[in-house]
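Here is a short report on a two-chain model. Please keep the sequence and the 3D view open while reading.

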Amino acid sequence: MQIGIDVGGTFTDGVLIENAQVLRSCKVPTDSQALLKSIVHVLEKLLEEKTEKISRIVVSTTLMTNLILEKKYLPTGLILIPGPGLNLKEHKFPFSWEIITGGVDFQGRIIKNLNEQEIVKKVQCLVDKGIQHLGIIGKFSPRNPSLEIQTAEIVNRHFPTLEVKLGHQVTGQLNFIRRAMGTGLYLATYKTFAQFIASLKNALKERDITCPVFILKADGGVIPIDKIMNFTIDTVLSGPAASSFGAKSLLPEKTSAFVMDIGGTTTDFSLILDGNPLLASRGVKISDVYTPVRSLAIHSLPIGGDTGIEIKNNQVTLTFKREGPPACCGGNTPTLTDCMRILNLTDLGDENKARLSFQSLSSKLDLSAEIIAQQALDKAVELITQEINYIFKQWQEEPLYRIWQLLNEKNIKPRNLISIGGPGKPLGELVSKKMNLTHINHPLCQVANAIGAALASPTYEETIRINTEKREISSSWGYFSKNSRQIKGKMSAEEAAGLALQIFKKYLQENGVEAQPEIYHQEVFNMVRGWSTTGQIHEIKLGVPVQVTGLINNKE
Amino acid sequence: MSKYTGLVFFPAFDWAISPTHPEREERLLYTRDQLLEEGVLDFPDIIEYKAKFADKQDILRTHFCLPSFENVITDAHLIAAGSAILIGEAWHHREIKNGFALVRPPGHHAMHVTHGNRGFCNINNEAIMIEYLRKKFGYRKIAIVDTDVHHGDGTQDIFYHDPDVLFISLHQDGRTLFPGSGFINELGGPNAYGKTLNIPLLPGTGDQGINYVFDNLILPVLEEFKPEIIINSAGQDNHFTDPLANMKVTAFGYGSITKKLNPDIMVLEGGYAVETALPYVNLAITLALAGKDFSQIQEPQLKESMLKETSENMEYIKKLCEKLYLIWQNHTNIDLTKIFGKDDYYTTNRQIFYDTDYFIVEQEEAVRRCSDCGGLIIFKSRRKEGRKNPTFLCISIPIYACPRCQQEGKDRFLQECRNNNFEQVFLQNKPEDTYLTKDDYYG
Ligand SMILES: [Zn+2]
Ligand SMILES: [Zn+2]
């Protein structure tokens, strides 16, 4: 038996699954001040049986998302080593930062050296501002982390109490700004995150739960709880990923579908193509923060069941924010859920309370509650339709850099819409009708997010770059090796792939993952200087694909 | 006015002329790295577009492909041209305020009649985009500024008779570099005299020199010409590290002239210092287009001493600019019969060297003298080697042709189809947007 728990902004959902059957599910309100309480609450509801039958637990938590959205940051500073290039004033960081001399180019060559005195002076400036955590991030540091490492050594000597994290340890992907952000976010949140993980472990121990426990990442992969501190920021936006994977498990294999996850405050959209949730081409952007975190392609609209209805310029419109619970459920203001209640699209709560909340709107516009409710719903459906079309267009317009990719473009047009979350069914039906899609919704859609978490498996998509001229290996997760004896001046594609797999397998082992990695794509660039070949750059994209751990086949 | 800068990046990581050729997979690899690492694509005011294929019709509107379309064009060429069109179209629709087609393979050595690859180019991306925009949206007056170190002889050839297209090329003196043309006496044909300006610069010219040329010649001429669109053929081989040429321009220099020119559309041309120039130059011009600070971009190899021009060179550049500006100012007051004679058709013969594919083409070009349009153009073109190589006849009716040139072009096509003296006869009818061959006539 396996358990999946998704701690969302409004509700915490849980499921207990055995042999592709959801045996039990539950939903409790999330206490945003005490996420652990919600998790424990769900666990207790699910675990009437003896706990030793549980084979694994996967938790998806909104903690990192909350910390970033609420900017609950520990005092963090950044030392940046940009070298020549873009003026950093063109970017904004939510942390104090200083620039130091030094530079590395795209090939990992040091083009400017450090200056120890300057480092001490600049770090002192940050310390004077009260920082306790320091990120050191160099441009192109994944291609050569030595300047970051040297800077850290100097900082450790002069400021031994500072907690230091290096950019290449956080991500090896190219994007200096996002790497700096990711490093800052890690430092600014890791203590809070560590506390949460410790108390979660404690709570499980108290209940004699000894099975493996995993935390869900934004790309739908899982990390063993003991390794999660290396991946804290990767847990941001794991909720929408859980929903998308849950939707996948509720659909027939190889289906393409739009996924619409309607919560209280927002609706998240994602895309499943031929049975695979679509990954975003760039890292997560959450409010105005650009991160290096790999995630599914998720789009959000500020429309949900608790979105308020108001009148502006004599027109019915939405407030685009949560106005507390719907009036039919005891709230004070009319919401989208109340619209659906009035139009008999849902039987949630008390219809009279919903109608009561519409009185002032009705009298202002001199229109019946039904008409106002219909207009508000139309507006929501219109905006959702636009968003779904936009997501699809974005996927189609994803830039491609190779001829073969342009020649082999997939021509998929999803014909299904699966709606999940509380007010999913009525809204999903309206949107599907408008877009001429087949609507999929059954009772398990209410807890699709928890199902997605329960079934999630480790997934990876990484890149290894081998420069045979410099005999260096770098990678998208920050692994770097130089003067490697395994590199020959000229390597065949098979040799390069073999070496890449060897390195990647070691990385998987370190993360406690037992899975068979695959090569996704591989290319080689001849380096020609003058008119002769001086080396090669092998770029190998590899990873662990999404494992289908079994579709859910509960009878409806 | 849109606030966005458009970028279509197509590095063609799976295409090379040959494994060690400068035009190989590696060429834009480090440019990609630099743009990614700097986070340029995260700027909310920069939009990245997906590369697109051009249609066959888009190519044949601009070129005669000999012996056939399939012999000259590959997928890579269609994508480069299609991407230029895409940026042009986005600009037209005001989705973007300016844009950069950072694509390969390049195109500015590809001429009106193209037999294959010369100077790494098969088809002319800018010309194809221009003719597309003019055909679809009715633009007329276009200015092209070619800042590649090589003379943009293909672009010059395509628009040499077009009075509405101002072509300005600055380049290393043709006596010292491929393709060996681009001298100041190449000023346009009889119907477009003065609408081609060539600025041959001495080897060793750097930032100071080219900035002077922009300030004192190119910008004033553009100011007077008042084009509807300014296009920059953005070759990057004027860079001080380029392996194929001998100039001294820096990435910052490229950024500054981009800022000065403020082009609507840029299209990448040459530039083969894949490590030492391209990542920095492409970053500088992208930032300059987007109105961002590029002053902190500095190549590791850069030395202060490179930045100053010799006084002899500055003297040469000043005189050159004065001379060309004088020509420009007087170009409408010239007695053209002294240069082009009085015949109805002005006819020239030349040999064109296809350096990459290694053959020579013999070509006769006849343009109808016309005061109402760019004039009907008729080419006879054949590959030189071997006696058996056939001759092709190519008739081009310009896009804004007068009725007389249109009629004469159609009549000539029918006549030549009947006479059957040529291997193939083509009619490129730009006003009607058709491309016909002898086979269509008989078919
Ligand atoms: Zn060139
Ligand atoms: Zn005419």
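How many bridges join strand β5 of chain A to strand β9 of chain A, and do the two run parallel or antiparallel? Six bridges join β5 (residues 76-81) to β9 (residues 133-138), and the strands run parallel. One facing pair is Gly77(A) with Leu134(A), the latter in β9(A). The model is a predicted one.

**The chain A sheet**

These strands belong to an open sheet of four strands in chain A, ordered β6-β5-β9-β10 with parallel pairing. At its edges lie β6 (96-99) and β10 (163-166) of chain A, each paired on one side only. From one strand to the next, the twist averages 20 degrees. Helix α3 (residues 116-128) of chain A packs on the sheet. Helix α3 of chain A touches β5, β6 and β9 of chain A, and its direction makes about 165 degrees with that of β6(A). Helix α6 (residues 176-206) of chain A packs on the sheet as well. Helix α6 of chain A touches β5, β9 and β10 of chain A; its direction makes about 165 degrees with that of β9(A).

**Domains of chain A**

Chain A splits into domain 1 (2-67 + 195-241), domain 2 (76-191), domain 3 (252-448) and domain 4 (460-544). The centres of domain 1 and domain 3 of chain A, taken over C-alpha atoms, are 25 Å apart. Each side brings residues to the contact: 16 from domain 1 of chain A and 16 from domain 3 of chain A. Between these two domains of chain A, about 1,300 Å² is buried, and carbon and sulfur atoms give 70% of that area.

**The eight-stranded sheet of chain B**

Chain B holds an open sheet of eight strands with parallel pairing, in the order β2-β1-β4-β10-β9-β6-β7-β8. Its edge strands are β2 (46-49) and β8 (196-201) of chain B, each pairing on one side only. Here the twist averages 15 degrees from one strand to the next. Within the sheet, β4 (residues 98-103) and β10 (residues 265-268) of chain B run parallel, joined by three bridges. Ala101(B) stands opposite Val267(B) in β10(B).

**Strand β14 of chain B**

Is β14(B) mostly covered or open? Strand β14 (residues 392-397) of chain B is mostly covered, with six of its six residues buried. Both faces are covered. One side presents Phe392(B), Cys394(B) and Ser396(B); the other presents Leu393(B), Ile395(B) and Ile397(B). Two strands pair with β14(B), as tabulated below.

| Partner of β14(B) | Bridges | Direction | Example pair |
|---|---|---|---|
| β13(B), residues 377-383 | Five bridges | Antiparallel | Phe379(B) with Cys394(B) |
| β15(B), residues 424-429 | Six bridges | Parallel | Val425(B) with Leu393(B) |

In general, strands of a sheet pair through backbone hydrogen bonds, either parallel or antiparallel. Together with helix α12 (residues 403-419) of chain B, β14(B) and β15(B) make a right-handed β-α-β unit.

**Where the chains meet**

How many residues does the contact take from chain B and from chain A? The contact takes 47 residues from chain B and 48 residues from chain A. About 4,200 Å² is buried between the chains, with carbon and sulfur atoms giving 54%. In chain B, Glu37(B), Asp42(B) and Lys50(B) lose the most area to chain A. Together they account for 19% of what the chain B side buries.

Note on methods: Residues numbered from 1 in each chain as written. Chains lettered and ligands numbered in written order. Predicted model: local features only at pLDDT ≥ 70, side-chain atom pairs only at ≥ 80, totals over all residues. Heavy atoms only, no water. Buried < 20%, exposed > 50% of the residue type's maximum accessible area, 1.4 Å probe, protein only. Pairing = 2+ DSSP bridges. Right-handed = clockwise from strand over helix to strand, strands pointing away. Axes fitted to C-alpha atoms, helices over the stretch in contact; angles between N-to-C directions. Contact = heavy atoms within 4.5 Å. Domains from an automatic or database assignment. Buried area = accessible area lost by both parts, 1.4 Å probe.
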